[in-house]
Structure formats: structure tokens, C-alpha cells
Amino acid sequence: WFADLVRGHSRRVFALLYRMTGNAGDAQDLSQEVFLKAWQNRRQLHDADRPTPWLLRIASNSAIDFQRSRASQRPGSPMVPSLDDENQSGLRDRLSSPELTPEASALRDERQGRLWAALEVLSPKERAAVVMRDIEGVPNREVAAALGCSMITVRTHISSARTKMRKFLLRGKK
């Protein structure tokens, strides 16, 4: 059961953690911690047929805890991935499309950098909600279950996050 859980969800858990932390190495470390916590707390899974919300809750809580500890250790440090980071370059290369021209690739990288910077202005809960809903495509009901809050709270987090990101991105265009 657990091997199937890891195989079926490792990519999704990593993607969520990567988008929340902005660092592939941190996301890999946190992914291992998430699956370790899932194993240790497997008796808390009430619906074995629907483990995704439970696993995403563990992952989002791990990322939020990580962000809080990082913020207290290094206030003001950016979440934007460094282009020099070996893990980021490899990940970017694997995700890039071979038919992109150098100009299109540079524009895409600039947009992604602006997205990372915009995500940085959000609270950890807002970031988790908007990453799960808008980037990962997780339904609101599962986002609510993952964050341990109501769907109204999820919609509030997402609305607030979108407003903050919009203001940040528009401020950058001027």
C-alpha cells in the first residue's frame, strides 16, 4: 500500500513543495519527510481510497513549517530560485520545451521569475492555497481538507493571494 502511495503521489507532492519553497533541493528533502510522516501517521488516514487530501495536508503543513523556520532564520531572504542553482537549472531544462526559441525561453524564464517573486509576497497559507488551486489544479474541497480549513477560508486565501500577486506584478510593470 505504501509503495503505491509513494509511486502515485511523489511527483505531485514534489511539485507542490517545489512551488511553495522555490528550491528543488528543499522540495526533495521535504518530500522525504512528508512520506516519512505519512508512514508514521498512516493510521490517521480515514479514507484509504482517497489519500490525496491527507497527503497534501501533510505536504502543505511541512512546507509552511519550513517557510516559517527559514523566515525566522534568514529574514528577507528571497524565495526566487537562483539560475545558478544546479538543481534549478536541471529542473528547468527538464521542463523546458525543445521548440522554444532562445527569446521565447528567456521570456518564459522572466515570467517564471516574476511568478516566484509574486509568490514570495504571500503568507504561507495563501501560497499553499493558490499553488494547490491555481497551479496544481486541486479542487477547492481538497485544498480545504489539505489546509484543514473551510472552503470559504480557502476561497478567501485564494482571493487575497490573487489580489496581492496582481498588485505586486502590476507594480513591477511600471
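Asparagine 61 is partly exposed, as its relative accessible area is 31%. This residue belongs to helix H3. The model in which it sits is a predicted one. Along the sequence, asparagine 61 and alanine 128 lie 67 residues apart, yet their C-alpha atoms are 8.9 Å from each other in space.

That pair leads to the chain as a whole. The chain holds eight helices and zero strands. Read from the N terminus, its elements run α-α-α-α-α-α-α-α. Of the contacts between residues at least 6 apart in sequence, 68% join residues at least 24 apart. The chain has 174 residues, and 38% of them count as buried. Its accessible surface amounts to about 10,300 Å², and carbon and sulfur atoms account for 51% of that surface.

The interior comes next. In soluble globular proteins, nonpolar side chains tend to be buried together. Here the largest nonpolar core has 39 residues, and Leu17, Leu55 and Met132 are the ones with the most contacts inside it. The elements giving two or more residues to this core are helix H1 (2-21), helix H2 (24-40), helix H3 (52-73), H5, H6, helix H7 (140-147) and helix H8 (151-173). Leucine 55 shows what the surroundings of one such residue look like. With its neighbours within four places in sequence left aside, leucine 55 is in contact with Leu5, His9, Val13, Val34, Phe35 and Ala38.

Threonine 52 can be read alongside leucine 55. Threonine 52 is found in helix H3. It counts as buried because its relative accessible area is 13%, which is under the 20% limit. When its neighbours within four places in sequence are set aside, threonine 52 is in contact with His9, Arg12 and Glu142. His9 thus appears in the list for threonine 52 and also in the list for leucine 55.

Before helix H3, the chain passes through the loop between H2 and H3, where glutamine 44 has its place. Glutamine 44 counts as partly exposed, with a relative accessibility of 48%. From there, tryptophan 54 is 10 residues away along the chain, and the two C-alpha atoms are separated by 8.8 Å.

Two other helices show how elements of this chain meet. The axes of helix H5 (residues 102-120) and helix H6 (residues 124-135) come within 10 Å and cross at roughly 140°. H5 is therefore oblique to H6. On the H5 side, Leu115, Leu119 and Glu120 make the contact, while H6 supplies Arg127, Val130, Val131 and Ile135. Sorted by class, the contact of H5 with H6 has five nonpolar residues, two charged ones and no polar ones.

The last part of the walk concerns the end of the chain. Serine 150 is placed in the loop between H7 and H8. At 37% relative accessibility, serine 150 counts as partly exposed. Its C-alpha atom is separated by 9.3 Å from that of asparagine 140, a residue 10 places away along the chain. Beyond this loop, helix H8 contains histidine 157. Is histidine 157 buried or exposed? Histidine 157 is buried, because its relative accessible area is 18% and buried means under 20%. Apart from its neighbours within four places in sequence, histidine 157 is in contact with Lys125, Glu126 and Ala129.

Conventions: Residues numbered from 1 in each chain as written. Predicted model: local features only at pLDDT ≥ 70, side-chain atom pairs only at ≥ 80, totals over all residues. Heavy atoms only, no water. Helix = DSSP H or I, 4+ residues; strand = E, 2+ residues; numbered from the N terminus. Buried < 20%, exposed > 50% of the residue type's maximum accessible area, 1.4 Å probe, protein only. Contact = heavy atoms within 4.5 Å. Areas by Shrake-Rupley, 256 points an atom, 1.4 Å probe, with all protein chains shown as cover. Axes fitted to C-alpha atoms, helices over the stretch in contact; angles between N-to-C directions. Parallel < 35°, antiparallel > 145°, perpendicular 65-115°, else oblique. Nonpolar A, V, L, I, M, F, W, Y, C, P; charged D, E, K, R; others polar. Core = buried A, V, L, I, M, F, W, Y, C linked by side-chain atoms within 4.5 Å.
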